[in-house]
Amino acid sequence: MEDSIFYKFAKGELKPDKIRFEDDKLLAFDDINPNAPTHILIIPKNRNLRSIVQMTSEDTKLLGSMIYRAKLLADELGLAENGYRLTINVGKWGGQVVPYLHLHLLGGAQLSGDLSQFTKAE
Ligand code: AMP
């Protein structure tokens with residue numbers, strides 16, 4: 001987890017290409033390989049969780065603040081009227097690739113409704 005690229009972003013050891021928001025608790029930046037015209041990732045800076053699996057009751061405020069930040073960014077970027085998607089992938093079957101908790105904000109176009117698609121598990 002400590003060698004995850006998002007951990008390094010959180011600690012300021014590396015900088016994402018385009019930062020959208022930063023304060024002492026959260027960092028939001030553009031996804032390097034966007035799946036929509038707007039694709040922003042929001043991560044905690046001071047809480048090192050691999051995924052939602054490691055979340056505890058003490059993290060509810062943090063998760064709320066990540067969602068609220070996504071909402072504010074979506075408002076700022078004019079995404080609210082047509083809608084957008086917030087996603088957290090969890091673990092291998094959830095499609096999570098980077099092992100450091102992050103929230104996806106996707107918008108700017110009609111998104112596929114195929115959330116229930118699955119492939120045969122290995
Ligand atoms: P997930 O599949 O939920 O783990 O999503 C990881 C996301 O991180 C993917 O959408 C990647 O395109 C994105 N990503 C990976 N490396 C970087 C990076 N260096 N800067 C910005 N986004 C990244």
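**The ligand and its pocket**

User: Which element gives the most to the shell around the ligand?

Analyst: Helix 1 does, with 3 residues. Keep in mind that this is a predicted model.

User: What makes the approach of I32 to the ligand a polar contact?

Analyst: A backbone N or O atom of I32 lies 3.1 Å from a nitrogen atom of the ligand. The cut-off for a pair of N or O atoms is within 3.5 Å, so this pair counts as a polar contact.

User: Which side-chain contact can you show me for H102?

Analyst: A polar side-chain atom of H102 is 2.8 Å from an oxygen atom of the ligand. That value falls within 3.5 Å, so it counts too. With the protein in place, 82% of the 500 Å² that the ligand exposes when taken alone is buried.

User: Where does the ligand sit?

Analyst: You will find the ligand in the second largest pocket. The test asks that more than half of its atoms lie within 2 Å of the pocket's grid points, so the ligand passes it.

User: How much space is in that pocket, and which residues are closest to its centre?

Analyst: The second largest pocket holds about 330 Å³ of space. It is lined by 18 residues, and F6, D31, I32, L41 and V98 are the closest to its centre.

User: Why are 4 residues of the lining of the second largest pocket called charged?

Analyst: Asp, Glu, Lys and Arg count as charged, so the 4 lining residues in that class are of these kinds. The lining also has 9 nonpolar and 5 polar residues.

Key: Residues are numbered from 1 along each chain as its sequence is written. This is a predicted model: local features need pLDDT of at least 70, side-chain atom pairs count only at pLDDT 80 or more; totals for chains, interfaces and linings use all residues. Side-chain values use heavy atoms; hydrogens and water are left out. A polar contact is a pair of N or O atoms within 3.5 Å; within protein, one must be able to donate a hydrogen and the other to accept it, and residues adjacent in sequence count only if both atoms are side-chain atoms. Accessible areas come from the Shrake-Rupley method with a 1.4 Å probe; for residues, only the protein chains shown count as cover. On a 1 Å grid over the protein atoms alone, a cavity is a set of points where a 1.4 Å probe fits but cannot get out, and a pocket is an open set with protein on both sides within 12 Å along at least five of seven lines; lining residues have an atom within 4 Å of a point. Helices (H or I, at least four residues) and strands (E, at least two) are DSSP runs, numbered from the N terminus. Grid points are joined across faces, edges and corners, and a volume is the space filled by probe spheres set on the points.
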